[in-house]
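This report describes the structure shown below, from its overall architecture to selected residues.

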Amino acid sequence: MSIKPLADRVVAKKEAATTTTASGILLGEAKEKSNLAIIESVGPDVKAVKKGDKIIYRDYSATEIKVNSEEYLIIKEEDILATL
């Protein structure tokens, strides 16, 4: 089952937090949540991003849902701050 967002919304999967640095140092559990996600699908009115883009989104702007044991985020296009 695929989720089809409406209007200017995107469906994304949250990216897992990094547990090591580039030099191999193990990091403890992050107290701050990551705002990185990968877009799974886009609504018909979305113009700036596409499926597969890695994005940074605004804090507390995403609606979290769980479908078939998979966790997704639904985010309005205006709450996407940047692409990587």
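The side chain of aspartate 53 reaches the backbone nitrogen of lysine 50 at 3.0 Å, and aspartate 53 also touches Ala37, Ile38, Ile39 and Thr83, residues up to four places away in sequence not being counted. These values, like the others in this report, come from a predicted model.

**Aspartate 53 and its surroundings**

Aspartate 53 is placed in the loop between β2 (36-42) and β3 (54-57). The residue counts as buried because its relative accessibility is 16%, under the 20% limit for that class. Isoleucine 39, one of the residues that aspartate 53 touches, has contacts of its own: Val10, Val11, Ala12, Val49, Lys50, Lys51, Gly52, Asp53 and Ile55, again leaving out residues up to four places away in sequence. Lysine 50 thus appears in the contact list of isoleucine 39, and its backbone nitrogen is the atom reached by the aspartate 53 side chain.

**The nonpolar core**

Isoleucine 39 also belongs to the largest nonpolar core. This core comprises eleven residues: Val10, Ala12, Ala37, Ile39, Val46, Val49, Ile55, Tyr57, Leu73, Ile75 and Ile80. At least two residues of the core are supplied by each of β1 (9-14), β2, β3 and β5 (70-76). Among the core members, Val10, Ala12, Val49 and Ile55 are in the contact list of isoleucine 39, while Ala37 is in that of aspartate 53.

**Overall architecture**

The protein has six strands and zero helices, and its pattern along the sequence reads β-β-β-β-β-β. Its C-alpha atoms fill a box of roughly 45 × 30 × 20 Å along the principal axes. Of the 84 residues in the protein, 27% are buried. Where contacts link residues at least 6 apart in sequence, 56% of them join residues at least 24 apart.

The exposed area of the protein is about 6,100 Å², of which carbon and sulfur atoms supply 52%. Its side chains include 13 positive and 14 negative ones, and the centres of these two sets lie 3 Å apart.

**Exposed loop residues**

Which residues does proline 44 contact, leaving aside its neighbours within four places in sequence? They are Pro5, Leu6 and Ala7. Proline 44 lies in the loop between β2 and β3. A second relation across the sequence concerns arginine 9: the C-alpha atoms of proline 44 and arginine 9 are 8.4 Å apart in space, although the two are 35 residues apart in sequence.

Two further loop residues have a positive phi without being glycine. For tyrosine 60, in the loop between β3 and β4 (63-67), phi is near 60°. For serine 69, in the loop between β4 and β5, phi is about 65°. The relative accessible areas of these loop residues are set out below.

| Residue | Loop | Relative accessible area |
|---|---|---|
| Proline 44 | between β2 and β3 | 66% |
| Tyrosine 60 | between β3 and β4 | 75% |
| Serine 69 | between β4 and β5 | 63% |

Why does tyrosine 60 count as exposed? Its relative accessible area is 75%, and the class begins over 50%. Serine 69 is likewise exposed because its relative accessibility is 63%, and proline 44 is exposed with 66%. Aspartate 53, by contrast, counts as buried at 16%, although its place is in the loop between β2 and β3, where proline 44 is also found.

Terms used: Residues numbered from 1 in each chain as written. Predicted model: local features only at pLDDT ≥ 70, side-chain atom pairs only at ≥ 80, totals over all residues. Heavy atoms only, no water. Helix = DSSP H or I, 4+ residues; strand = E, 2+ residues; numbered from the N terminus. Buried < 20%, exposed > 50% of the residue type's maximum accessible area, 1.4 Å probe, protein only. Polar contact = N/O pair within 3.5 Å; in protein donor to acceptor, adjacent residues only side chain to side chain. Contact = heavy atoms within 4.5 Å. Core = buried A, V, L, I, M, F, W, Y, C linked by side-chain atoms within 4.5 Å. Areas by Shrake-Rupley, 256 points an atom, 1.4 Å probe, with all protein chains shown as cover. Lys, Arg positive; Asp, Glu negative; His and termini not counted. Charge placed at Lys NZ, Arg CZ, Asp CG, Glu CD.
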